[in-house]
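Please open the structure in a viewer and keep the sequence panel visible beside it. This tour proceeds by selections, each followed by a description of what is found there.

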Amino acid sequence: MRVTVEVGADGVARVQMCRGDGNAIDLAMARALLEAARECERAGARAVLLTGQGRYFCVGGDLKEFAALSGDRLVAHLTEVTDALHGALRILAGLDAPLVTAVQGSAAGAGLGLAAAADLCFAASDAGFTAAYTGIGYSPDAGVSWSLPRLVGPRRAMDLLLTNRRIPVAEALDMGLVSRIVAPERLDEEAAEAASALARGATGAYGATRRLVARSLSAGFGEHLDAEARQLAAAAVSAEGREGVAAFLAKRRPDFTHAPVP
């Protein structure tokens, strides 16, 4: 089994890549990630925690699998892999549930794309990141050429994509690729705690916020202000919004888990 998924009673969908030390993405793993994303959607997950088993979070595509093919067979194979992987990313990006990743060892190629897709990216203090694509004559996938410019800026993104240099975790934090650095022995625990805390939060408001941020770099300022106003009005009359305001006025902790998402 290349990917496991378990949706707990707390609403956290725990998705783990478990294909050896590197979690290299072959066709079977890409399809398993797609099915895991579908399960998160079907189960109505309130938060998604994506991790990688072993020494490395994910080293990218399975180059041995790719090298065994050529010509039209390789084109067809890579199309299948990216269709499945990109399908998983589309589903995860479309959920109200925030995505949390925990990166240990290395995130390279598509692994970098998975880390960059997260709303919160926790990284071990010894982790590193690299684009890797152009170093083997490939161009990016897994949303890397979309997410990197938004996270670190176009100029820095081009540096990373063209040179393929390894980005130490402190620099990754400084440039906005990583949310928090934690000790390796605390990585899983702290990422899980963050996912659980998010699962107790206002899922509908999280989804609206994710969509607003995603569109912020492509919408005009006036258009974006209109979108913010519409989302805010919808949130205010939702069960979550009513519970949040009532809890604030009553000086108690809000209970969003029992407020139906609109």
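The model is predicted. Residue numbers start from 1 along each chain, in the order in which its sequence is written.

**First stop: the six-stranded sheet**

Begin by selecting β1 (3–7), β2 (12–17), β3 (47–52), β4 (99–103), β6 (120–124) and β9 (180–182). These six strands form an open sheet in the order β1-β2-β3-β4-β6-β9, and the pairing is mixed. Which strands stand at the edges, pairing on one side only? They are β1 and β9. On average, neighbouring strands of this sheet are turned by 20 degrees against each other, direction ignored.

Now follow the sheet strand by strand, starting with β1 and β2. Five bridges join β1 and β2, which pair in the antiparallel sense. Select Val7 and Ala13: the latter, in β2, is the bridge partner of the former. The hairpin of β1 and β2 has four residues between the strands, and in this hairpin Gly11 takes a positive phi near 90 degrees.

Move next to β2 and β3, where the pairing is parallel and extends over six bridges. Here Val12 stands opposite Ala47 in β3. Strand β3 also pairs with β4, again in the parallel sense, over four bridges. To see one facing pair, select Thr51 and Ala102, the latter in β4, which stand opposite each other.

**Second stop: Thr101**

Remain on β4 and select Thr101, which lies in this strand. Is Thr101 buried or exposed? Its relative accessibility is 0%, so Thr101 counts as buried. Then display its surroundings. Leaving aside residues up to four places away in sequence, Thr101 touches Leu50, Phe57, Leu114, Ala115, Ala118, Leu120, Cys121 and Phe122.

**Third stop: the helix across the sheet**

Add helix α8 (residues 187–199) to the view of the six-stranded sheet. Helix α8 lies across β2, β3, β4, β6 and β9. Relative to β6, helix α8 runs at about 165 degrees.

**Fourth stop: the three-stranded sheet**

Select β5 (106–108), β7 (128–130) and β8 (167–168). The three strands form an open sheet in the order β5-β7-β8, with mixed pairing. Strands β5 and β8 are at the edges and have a single partner strand each, so one side of each is left without a neighbour in the sheet. Between β7 and β8, which run antiparallel, there are two bridges. Select Gly128 and Pro168 to see bridge partners, the latter in β8.

**Fifth stop: from β7 to α5**

Continue along the chain from β7 into the loop that leads to α5 (144–152), and select Ala132 in that loop. Most residues other than glycine have a negative phi. The phi of Ala132, by contrast, is positive, near 75 degrees. With a relative accessible area of 30%, Ala132 is partly exposed.

Proceed into α5 and select Val144, Ser147, Leu148 and Val152, which are buried. Why do these residues lie on the same side of α5? They cover an arc of only 100 degrees around the axis, which puts them on the same side of the helix. An α-helix has 3.6 residues a turn, so residues three or four places apart point the same way. Now display α4 (110–116), α6 (154–163) and α7 (169–175), which are among the elements that cover the buried residues of α5. Just after α5, Gly153 has a positive phi of about 95 degrees.

**Sixth stop: a pair of helices**

Select helix α9 (residues 203–215) together with helix α10 (residues 221–236). The two pack at an angle of about 175 degrees, and their axes are 11 Å apart. That angle makes α9 roughly antiparallel to α10. On the α9 side, the contact is made by Ala208, Arg211, Leu212 and Arg215; on the α10 side, by Glu223, His224, Ala227, Glu228 and Gln231. By class, this contact has three nonpolar, two polar and four charged residues.

**Last stop: after α11**

Finally, select Lys251 in the segment after α11 (239–249). Its phi is near 55 degrees, a positive value in a residue other than glycine. Lys251 is exposed, with a relative accessible area of 75%.

Notes: Predicted model: local features only at pLDDT ≥ 70, side-chain atom pairs only at ≥ 80, totals over all residues. Heavy atoms only, no water. Buried < 20%, exposed > 50% of the residue type's maximum accessible area, 1.4 Å probe, protein only. Arc of directions from axis to C-beta. Contact = heavy atoms within 4.5 Å. Axes fitted to C-alpha atoms, helices over the stretch in contact; angles between N-to-C directions. Parallel < 35°, antiparallel > 145°, perpendicular 65-115°, else oblique. Nonpolar A, V, L, I, M, F, W, Y, C, P; charged D, E, K, R; others polar. Pairing = 2+ DSSP bridges.
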